[in-house]
Amino acid sequence: MSLDLPESAVPPPTRADESSSAPTRRTFIATSTAVGGAVVAGGTFLAAPQEASAAAASPSSRVSLTVNGTRRTVTVDNRTSLLDLLREHLDLTGSKKGCNAGACGACTVLVDGRRVNSCLTLAVRLEGAEVTTIEGLAKGDRLHPLQQAFVDEDAFQCGYCTPGQIMSGVGCIQEGHTGSPEEIREYMSGNICRCGCYVKIVRAVEQTAARK
């Protein structure tokens, strides 16, 4: 019995100088990835309108504000947060970037005397504002009373949240929310201490408020 296939069932041989015009799935995916957002026109790759728009310079603004008693004027991207302005432009790294979403309080500073999460505050909206950070509390070598209380009460462990805790505590005292440990805990609840030093933090705030 012959095993030869009929001539019509045998695929024609492919010459070395011939190639299939239909792209394979692998070729199609690789080409699509390489091209990305570009389009082909006359053999030349041109950027798509969306890509060209994204490549344009981001809008920026000039903002003047007083930081720790010193007038500062900077030009920043309109999307820059106060936290990034302090850390990246003014080299004030005491304010910490924790969650960067306003949930931990590590970035707390005072703006015109009020507590704010600097990671959620746009720098360009603070024209003429007065900002106080942890670096601006001490008077030379003399610590702010709440800073000293944190030392005396050993109200920190790793120390990462401490700047935000102290700034929030200063605001809490200025706002008059220190009538009891329970009230202090309520108004300091936006500041998270991963080391669990809450008892000593409350005690430091309470003692500082009592000496005021």
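Is Ser64 buried or exposed? Ser64 is buried, with a relative accessible area of 14%. The views below come from a predicted model.

**View 1. Ser64 and its contacts in strand 3.** Ser64 belongs to strand 3. Its side chain makes a polar contact of 2.7 Å with the side chain of Thr73. Leaving aside residues up to four places away in sequence, Ser64 touches Arg71, Arg72 and Thr73. Leu126, Glu127, Gly128 and Ala129 are also among the residues that Ser64 touches.

**View 2. Gly128 in the loop between strand 6 and strand 7.** Gly128 sits in the loop that lies between these two strands. Gly128 counts as partly exposed, at 42% relative accessibility. Residues up to four places away in sequence are again left out of the contact list: Gly128 touches Ser64, Leu65 and Arg71. Gly128 and Arg72 are 56 residues apart along the chain, and 9.8 Å separates their C-alpha atoms.

**View 3. The five-stranded open sheet.** Five strands make up this open sheet, in the order 4-3-7-5-6. Their pairing is mixed. Strand 4 (70-77) and strand 6 (114-117) stand at the edges. Each has a single partner strand, so one side of each is left without a neighbour in the sheet. On average, neighbouring strands of this sheet are turned by 40° against each other, direction ignored.

**View 4. Strand 5 beside strand 6.** Strand 5 covers residues 108-111. Strand 5 and strand 6 run antiparallel, and four bridges join them. One residue pair to look for is Thr108 with its bridge partner in strand 6, Asn117.

**View 5. Helices against the sheet.** Helix 3 (residues 82-89) lies across strand 3 (60-67), strand 4, strand 5 and strand 7 (130-132). Helix 3 runs at about 105° to strand 4. Helix 5 (residues 162-175) also packs on the sheet. Helix 5 touches strand 5, strand 6 and strand 7. The direction of helix 5 makes about 40° with that of strand 5.

**View 6. The buried side of helix 4.** Helix 4 spans residues 145-153. Which residues of helix 4 are buried? They are Leu146, Gln147, Ala149, Phe150 and Glu153. These residues cover an arc of only 160° around the axis, which puts them on the same side of helix 4. Helix 5 and helix 7 (198-211) are included in what covers them. Asp154 follows helix 4 and has a positive phi, near 55°.

**View 7. Cysteines without a disulfide.** A disulfide is a covalent bond between the sulfur atoms of two cysteines. How many disulfides does the structure hold? The structure holds zero. Cys193 is in no disulfide. From Cys193, the nearest cysteine sulfur is that of Cys161, 4.0 Å away. The cut-off for a disulfide is a sulfur pair within 2.5 Å. Cys193 is buried, with a relative accessible area of 6%. For Cys195, the closest cysteine sulfur is in Cys158. Those two sulfurs are 3.7 Å apart, too far for a bond. Cys195 is partly exposed, with a relative accessible area of 28%.

Technical notes: Residues are numbered from 1 along each chain as its sequence is written. This is a predicted model: local features need pLDDT of at least 70, side-chain atom pairs count only at pLDDT 80 or more; totals for chains, interfaces and linings use all residues. Side-chain values use heavy atoms; hydrogens and water are left out. Two strands pair if DSSP finds at least two bridges between them. Axes are lines fitted to C-alpha atoms, for helices over the stretch in contact, and angles run from 0 to 180 degrees between N-to-C directions. Contact means heavy atoms within 4.5 Å. Buried means under 20% relative accessible area, exposed over 50%, partly exposed in between (1.4 Å probe, protein chains only). The arc is that of the directions from the helix axis to the C-beta atoms. A polar contact is a pair of N or O atoms within 3.5 Å; within protein, one must be able to donate a hydrogen and the other to accept it, and residues adjacent in sequence count only if both atoms are side-chain atoms.
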